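Visitor: Could you take me through a single part of this model up close? I'd like one long, connected answer about a helix and whatever packs around it.

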Amino acid sequence: MYYQKTTTKPFKQASEDLQEIVVKHKFGVLHVHDLGNTLRSKGIDFKEDCHVLEVCSPAQAHKVLSIDMQLNMALPCRISVWTEDGETKIGMIKPEKMLSDLSSDPRLVEVAKEVEQATKTMIDEAA
């Protein structure tokens, strides 16, 4: 269900590198949620860092939405960079598993496989 890698890079560098790699692979970074700072700004004693990147390939998103518009609720893809017990990690929920749980249309499985391979490559390169 999950795909993740541990990296020796510091959190900030891993997050910046991932953003550059996403663009290199012709995906866009739509937004970066800084969950660590958001929680701390609400008075929560949260020690870890966490960036959630919303990433999208417009061509792949168009394919998905053309098949099943309801899947807009599953888009865009998310890739996270976080710290845990002194380690920096990069990961995601696998698109193929997620979309196959939401739809039985075989065309979506193909799109999800393509997106999953691309996002795994991004994570591997960033790690």
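Guide: H1 and H5 cross in a right-handed way. Bear in mind throughout that this is a predicted model. The two axes come within 9 Å, and the crossing angle is roughly 140°. Angles over 145 degrees would count as roughly antiparallel, so at roughly 140° H1 is oblique to H5.

Who does the touching? On the H1 side the residues are Leu18, Ile21, Val22 and Lys24, and on the H5 side they meet Met122, Glu125 and Ala126. Sort that contact by class and you get five nonpolar residues, two charged ones and no polar ones.

Stay on H5 for a moment, since Thr121 sits in this helix too. Its C-alpha atom is separated by 9.3 Å from that of Ile21, although the two residues are 100 apart along the chain. Is Thr121 buried, exposed or partly exposed? With a relative accessible area of 25%, it falls above the 20% limit for buried and below the 50% limit for exposed, so Thr121 counts as partly exposed.

H5 has another helix packed against it, namely H3. H3 covers residues 58–67 and H5 covers residues 106–126; their axes are 10 Å apart and the packing angle is about 160°. That value is over 145 degrees, so H3 is roughly antiparallel to H5. As for handedness, the crossing of H3 and H5 is left-handed, whereas that of H1 and H5 is right-handed.

From H3, the contact uses Gln60, Lys63, Val64 and Ile67; from H5, it uses Arg107, Leu108, Val111, Glu114 and Val115. Split by class, the H3 and H5 contact holds five nonpolar residues, three charged ones and one polar one.

Now for the core. The largest nonpolar core has 25 residues, and the ones touching the most other members are Leu18, Val55, Ile79, Ile90 and Met122. Two of those names should ring a bell: Leu18 and Met122 also take part in the contact between H1 and H5. At least two core residues come from each of H1 (11–24), S3 (50–56), S4 (77–84), S5 (87–93) and H5. Which element gives the most to this core? That would be H5, with seven residues.

If you're the sort who checks backbone torsions, a few loops are worth a stop. Past H1, the loop leading to strand S2 (28–34) holds Lys26. Phi of Lys26 is near 65°, which is positive even though the residue isn't a glycine. Lys26 is also exposed, at a relative accessible area of 68%.

Asp85 shows the positive sign as well: its phi is about 50°, and it is not a glycine either. You'll find Asp85 in the loop between S4 and S5, two of the strands that supply the core. With 72% relative accessibility, Asp85 counts as exposed.

The last stop is a peptide bond. Leu75 and Pro76 are joined in cis, with omega at about -5°. Pro76 has its place in the loop between H3 and S4. That loop takes you from H3, which packs against H5, to S4, which supplies at least two residues of the core.

Technical notes. Residues are numbered from 1 along each chain as its sequence is written. This is a predicted model: local features need pLDDT of at least 70, side-chain atom pairs count only at pLDDT 80 or more; totals for chains, interfaces and linings use all residues. Side-chain values use heavy atoms; hydrogens and water are left out. Axes are lines fitted to C-alpha atoms, for helices over the stretch in contact, and angles run from 0 to 180 degrees between N-to-C directions. Helices (H or I, at least four residues) and strands (E, at least two) are DSSP runs, numbered from the N terminus. Angles under 35 degrees count as roughly parallel, over 145 as roughly antiparallel, 65 to 115 as roughly perpendicular and the rest as oblique. A crossing is left-handed if the near helix is turned anticlockwise from the far one by less than a right angle, and right-handed if clockwise. Contact means heavy atoms within 4.5 Å. Ala, Val, Leu, Ile, Met, Phe, Trp, Tyr, Cys and Pro count as nonpolar, Asp, Glu, Lys and Arg as charged, and the others, Gly among them, as polar. A nonpolar core is a set of buried Ala, Val, Leu, Ile, Met, Phe, Trp, Tyr and Cys residues joined through side-chain atoms within 4.5 Å. Buried means under 20% relative accessible area, exposed over 50%, partly exposed in between (1.4 Å probe, protein chains only).
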